[in-house]
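Hi,

Here is the structure I promised to pass on to you. Have a look at it first, and then read on for what turned up.

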Amino acid sequence: MRPHLLYREPRDRAALYAVLESSFPGLGRKIDAARALGFDWDAMTTPFVDRRDDRVVAHVGVLEVPLRLDGRSVRVGGIHAVCTLPELRRQGCYRRAMERALRFVDERWERAQLYTSQPALYEPFGFRVVPTTSWEAARPPGPAAAVAAPVDLEDDLATLVEVLGRRAPLSQVYASVDEGWLFGIDAVLHTGDLSAVRRLPARDLFVAGKLVGERYTLFDVVGHHLPAWSELAPHLPGSGPVTLAFTPDRFPQARARPLQTASEGAYMVRGPFELEGRAFAVPPYAQH
Ligand SMILES: CC(C)(COP(=O)(O)OP(=O)(O)OC[C@H]1O[C@@H](n2cnc3c(N)ncnc32)[C@H](O)[C@@H]1OP(=O)(O)O)[C@@H](O)C(=O)NCCC(=O)NCCS
């Protein structure tokens, strides 16, 4: 996608990045790092702004996110990167930018989504929280195997990008099936690089996740085909049970059980949503 006019206009782009940076310090550097790896924020987001004296002072971004949702392919409007310059807050700048963004969303998609730590900001605009969960799965017994190694940019990046473009959906219940841009941008926004993405030995198969102590949380599995749990689990870092931060319907062998842990943020939707009242997860690299 060609970047929106606002991103192509140097003065507007610089002002917009200043607004983003004022609310999310370090974001600009991470966006640049993602772009250098081929995951281009500017090309994927549509900006809605409010201006003061013609200068951009508030921003609401809209992403078109292709999902597998309850067994169907749907496109939803994803709201992200909501911010107003600190000195101009509580003067309606966000409200005006959001109203513009939602007019654009409503003309295109039945559904909108976002992920936030501040749901109260979005409730007045028709968003509602839908609870999500995570799961836990035991590692199958058997000999230890070589642990998947962090991707090597020289050896693995081209393969990762290729596999992302033709990946098997992680779940039929809820998964992003973006061509890799959302995965890549989220990965770099989380850690500043792709260090949380690992490649299984001698396979075109990647995992992403986080190791805290010996507990591994698996965010994503990226492959042309999804492996069986018994093929995958021995290669994951750490030991003991694995937390699954995605809906494990395509890993029946894992016999995962839902966890009661509260998630760090809230998933919100606007419009129809098939999964209310059902157990599902929004994988970390599909959140935005
Ligand atoms: C959140 C943020 C974008 C609001 O911008 P703003 O321009 O000050 O918001 P507005 O003046 O347009 O407020 C519109 C409505 O949003 C809600 N709102 C705004 N700021 C709020 C706050 N700090 N707490 C609760 N509600 C708030 C109110 O309903 C408000 O209406 P009201 O003023 O009539 O009560 C701004 O505070 C910001 O950039 N914060 C840091 C970044 C951030 O947290 N972004 C959200 C990430 S999920």
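In this predicted model, the largest nonpolar core holds 60 residues, and those touching the most other members are L20, W41, Y174, L194, V197, F273 and F280. Domain 1 (5-124) and domain 2 (134-259) both give residues to this core, so you will find it between them. To get a feel for the packing, try clicking on L194: leaving aside neighbours within four places in sequence, its contacts are L37, F39, V151, L153, L157, L160, A187 and V188. There is also a second, separate core, made of 23 residues, with A137, A168, L205 and W229 among them.

Now for the overall build. The protein has eight helices and 14 strands. Its radius of gyration is 19 Å, close to the 19 Å that the globule rule gives for 288 residues, so the protein is as compact as a globular protein of that length. The C-alpha trace spans about 65 × 45 × 35 Å along its principal axes. Buried residues make up 54% of the 288. If you take the contacts between residues at least 6 apart in sequence, 74% of them join residues at least 24 apart. As for the surface, about 13,100 Å² is exposed, with carbon and sulfur atoms supplying 52% of that area.

The charged side chains are worth a tour too. Side chains of opposite charge can pair when their charged atoms come close. How many salt bridges does a search of the whole structure find? The count is 24, and here are a few of them.

One joins the side chains of D54 and R11, at 3.8 Å from N to O. This pair links distant parts of the chain, 43 residues apart: D54 sits in the loop between β1 (45-52) and β2 (55-69), while R11 belongs to helix α2 (residues 10-23). D54 is partly exposed, its relative accessible area being 47%.

Another pairs R270 with D106, whose closest N and O atoms are 2.8 Å apart. Here strand β14 (residues 266-270) supplies R270 and helix α5 (residues 93-108) supplies D106, so to speak across 164 residues of chain. D106 counts as partly exposed, at 46% relative accessibility.

In a third, D204 meets R199, with 2.7 Å between the closest N and O atoms. Is each partner buried or exposed? D204 is partly exposed at 40% relative accessibility, whereas R199 is buried at 18%. Finally, R13, D32, R35, D40 and D42 form one network through salt bridges that share partners.

Enjoy exploring!

Conventions: Residues numbered from 1 in each chain as written. Predicted model: local features only at pLDDT ≥ 70, side-chain atom pairs only at ≥ 80, totals over all residues. Heavy atoms only, no water. Core = buried A, V, L, I, M, F, W, Y, C linked by side-chain atoms within 4.5 Å. Buried < 20%, exposed > 50% of the residue type's maximum accessible area, 1.4 Å probe, protein only. Domains from an automatic or database assignment. Contact = heavy atoms within 4.5 Å. Helix = DSSP H or I, 4+ residues; strand = E, 2+ residues; numbered from the N terminus. Rg over C-alpha atoms; globule rule 2.2 N^0.38 Å. Areas by Shrake-Rupley, 256 points an atom, 1.4 Å probe, with all protein chains shown as cover. Salt bridge = Lys/Arg side-chain N within 4 Å of Asp/Glu carboxyl O.
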